[in-house]
Amino acid sequence: MSETIISELRPRATAQKSFEKGEHLFHRDNRVLSMFLVTDGGVHLVRYQADGNMAVLQRSGPGMLLAEASVFSERYHCDAVAIMTTCALVVPIAEVRQLLNDDPAFARAWTIHLSRELQSARKRAEIVALRTVSARLDAWVTWNDGRLPAKGDWRALAEEIGVSPEALYREISRRRSRCSRASIRNGNDNR
């Protein structure tokens with residue numbers, strides 16, 4: 001998130017709230033009264049499907065604003081759920097709207113931020129539309145400079161690409177096994 005956005009929103013916050021893991025910051029169809037700037041912890045914006053499964057629309061951590069898409073809406077279009085103990089600044093929506101109307105530098109920073117969020121959402125949609133775990137992982141790796149995240153982040157990666165953690169672990173294991181076999185073959189060929 002842009003430093004311009006954060007520096008303008010911080011002094012306009014009317015409260016700082018703490019949320020426990022699993023607690024909602026807001027629910028779908030609540031009136032949009034505030035924006036939340038996460039200062040510590042993490043929040044997922046989620047929508048529950050007809051079958052009860054949860055679709056994660058956004059993953060937010062420190063320095064991120066929640067539900068930017070709702071700034072001109074009457075009601076939130078999703079739920080915001082703390083995924084760990086989380087602190088957030090509460091900024092009245094009227095303050096955000098006034099900044100967008102009255103401050104060209106803020107409006108430009110906001111537009112740039114939303115453009116990047118849109119690109120990221122399209123990337124996630126493209127990845128999740130792929131049929132196999134292998135194809136989804138290939139696409140994610142391509143978008144992320146050819147590297148897998150650290151092992152401790154694999155569960156979050158599985159969630160991001162819409163596969164079970166077990167399916168992702170199996171795919172990574174298969175790839176490592178293939179690389180090991182290829183390395184052994186190449187080593188034997190060079191003797």
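## Overall architecture

The protein chain in this predicted model has six helices and eight strands. Reading from the N terminus, the order of elements is α-β-β-β-β-β-β-β-β-α-α-α-α-α. In other words, one helix precedes the run of strands, and the other helices follow it.

Along its principal axes, the C-alpha trace covers about 70 × 40 × 25 Å. The protein chain holds 191 residues, and 36% of them are buried. If we take the contacts with a separation of 6 or more, 70% come from residues 24 or more positions apart.

## Helix α2 and its buried side

Let's turn to α2, which spans residues 93–102. Its buried residues are Ile93, Val96, Leu99 and Leu100. These residues lie on the same side of α2, because the arc they cover around the axis is only 125 degrees.

What do the buried residues of α2 pack against? Their partners are the helices α1 (3–9) and α3, together with the strands β3 and β8 (86–92). The face turned away from this buried side looks quite unlike it in accessibility: Ala94, Asn101 and Asp102 are exposed there.

## How α3 meets α4

Next come helix α3, residues 104–129, and helix α4, residues 133–143. The axes of α3 and α4 are 8 Å apart, and the packing angle is about 155 degrees. Angles over 145 degrees count as roughly antiparallel, so this description applies to α3 and α4. The crossing of α3 past α4 is right-handed.

Which residues make the contact? From α3 come Lys123, Glu126, Ile127 and Val128, while α4 supplies Arg136, Ala139, Trp140 and Trp143. Sorted by class, the contact of α3 with α4 has five nonpolar and three charged residues, with no polar ones.

## How α4 meets α5

Helix α5 covers residues 154–161, and its axis is 10 Å from that of α4. Here the packing angle is about 105 degrees. Since the range from 65 to 115 degrees counts as roughly perpendicular, α4 and α5 are therefore described in that way.

On the α4 side, this contact involves Arg136, Leu137 and Trp140. They meet Leu157, Glu160 and Ile161 of α5. By class, the contact of α4 with α5 has four nonpolar and two charged residues, and again no polar ones.

It is worth pausing on α4, as Arg136 and Trp140 appear in its contact with α3 and also in its contact with α5. Both Arg136 and Trp140 are buried, as are Leu137, Ala139 and Val141 of α4. Of these, Ala139 takes part in the contact with α3, and Leu137 in the contact with α5.

## Positive phi values

A few backbone angles also deserve a look. Asp29 sits in the loop between β2 (24–26) and β3 (34–40). Although Asp29 is not a glycine, its phi is positive, near 75 degrees.

Ala67 is another non-glycine residue with a positive phi, near 60 degrees. This alanine belongs to the loop between β6 (65–66) and β7 (79–82). Is Ala67 buried or exposed? Ala67 counts as buried, because its relative accessibility is 2% and the cut-off for buried is under 20%.

Finally, Asp145 comes just after α4 and has a positive phi of about 60 degrees.

Technical notes. Residues numbered from 1 in each chain as written. Predicted model: local features only at pLDDT ≥ 70, side-chain atom pairs only at ≥ 80, totals over all residues. Heavy atoms only, no water. Axes fitted to C-alpha atoms, helices over the stretch in contact; angles between N-to-C directions. Helix = DSSP H or I, 4+ residues; strand = E, 2+ residues; numbered from the N terminus. Parallel < 35°, antiparallel > 145°, perpendicular 65-115°, else oblique. Left-handed = near helix turned anticlockwise from the far one by under 90°. Contact = heavy atoms within 4.5 Å. Nonpolar A, V, L, I, M, F, W, Y, C, P; charged D, E, K, R; others polar. Buried < 20%, exposed > 50% of the residue type's maximum accessible area, 1.4 Å probe, protein only. Arc of directions from axis to C-beta.
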